[in-house]
Amino acid sequence: MSPERKQFLSLVSQHLSGLPEGERSEAVRKADRQIDHAVRSGLTEQAALIRLGDPKVIAEEYRGQARKSKRGARSFKGVLRLIGFCCTTGLLTAIVVPFLAALAYGFGISSILIFAAGLLRTFGVPWIPLNLGPGLAIPAEYSMAATLIGGVVTGWIGYASGGVLKKYLAFLSASYRRVQPGQSC
């Protein structure tokens, strides 16, 4: 076995770390057989390695095939777990995701508009009122500072809402993967 072939198979094995040893060695043997088949069909070993492609891609394809083969028939317990997941997250997700997305985009856009309004008012646009309440008008010379503070606070709320949304979606995705067949709890 050439050093290039040995290194290629070693990389395939490394990219399959986390799989049980038996599955990993089976994947390496399968890649080795593909190289043998290509050499027997007339390619050089170097050309066969090039044709097989990136060892990382080969490892990911094998992982995908292994997941598909494990997703056979669901057990009764697995079906109950999936039903439980859908019942507990379905309605909540239908409410939480649009709400957080509206907060994130709404506050993000508002922060830009607040800053723009302060900028316009500072440079003499008189029809933009800036009041903190009844009888508490901010003078035009302080418009930029006031709207900068307001825009930063509003932008931070939008940014924080987007971060919470991303964390919720990541949690939801991880929870869904756990209820799939072949996955451990």
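Modeller: Ground rule before we start: buried means under 20% relative accessible area, exposed means over 50%, and partly exposed is whatever falls in between (1.4 Å probe, protein chains only). This is a predicted model, so local features need pLDDT of at least 70 and side-chain atom pairs pLDDT 80 or more, while totals for chains, interfaces and linings use all residues. Residues are numbered from 1 along each chain as its sequence is written, and side-chain values use heavy atoms, leaving out hydrogens and water.

Biologist: Fine. Why is Leu 119 called partly exposed?

Modeller: Leu 119 has a relative accessible area of 36%. That value falls between the 20% and 50% limits, so the label is partly exposed. Leu 119 sits in helix H5.

Biologist: And what makes the nonpolar surface patch?

Modeller: Phe 115, Leu 119, Phe 123, Leu 148 and Val 152 make it, with about 510 Å². Patch residues need over 30% relative accessible area and no salt bridge; nonpolar side chains (Val, Leu, Ile, Met, Phe, Trp, Tyr) are joined within 5 Å, like charges within 9 Å. Leu 119, at 36%, is over that 30% limit, so its accessibility fits the rule. Helix H5 (76-122) and helix H6 (143-178) each supply at least two of the patch residues.

Biologist: How many helices and strands does the protein chain have?

Modeller: Six helices and zero strands, in the pattern α-α-α-α-α-α along the sequence. The elements are DSSP runs numbered from the N terminus: H or I of at least four residues for helices, E of at least two for strands.

Biologist: How do you know whether the protein chain has the radius of gyration of a compact globule?

Modeller: Set the numbers side by side: a compact globule of 185 residues would come out near 16 Å, but this protein chain has 29 Å. The rule is 2.2 Å times the number of residues to the power 0.38, with the radius taken over C-alpha atoms, so the chain does not match the globule value. Its C-alpha atoms fill a box of roughly 90 × 45 × 20 Å. The domain assignment, automatic or from a database, gives domain 1 (3-73) and domain 2 (75-178), and their centres are 46 Å apart.

Biologist: Is His 37 buried or exposed, and how do you know?

Modeller: His 37 has a relative accessible area of 55%, which is over 50%, so it counts as exposed. It lies in helix H2 (residues 21-40).

Biologist: What makes the contact between Asp 32 and Arg 5 a salt bridge?

Modeller: The definition asks for a side-chain nitrogen of Lys or Arg within 4 Å of a carboxyl oxygen of Asp or Glu. Asp 32 and Arg 5 come to 2.7 Å, N to O, so the pair qualifies. Asp 32 is in helix H2 and Arg 5 in helix H1 (residues 3-15), 27 residues apart.

Biologist: Why is Arg 5 called buried or exposed?

Modeller: Arg 5 is at 8%, under the 20% limit, so it is buried. Arg 5 also meets Glu 45 in a salt bridge, at 3.0 Å. Glu 45, at 22%, is above the buried limit and so is partly exposed.

Biologist: What about Arg 24, at 19% relative accessibility: why does it count as it does?

Modeller: 19% is still under 20%, so Arg 24 counts as buried. Its salt bridge with Glu 21 is 2.7 Å, N to O, and both residues lie in helix H2, three residues apart, about one turn of the helix. Elsewhere, salt bridges with shared partners join Arg 5, Asp 32, Asp 36 and Glu 45 into one network.

How values were computed:
Accessible areas come from the Shrake-Rupley method with a 1.4 Å probe; for residues, only the protein chains shown count as cover.
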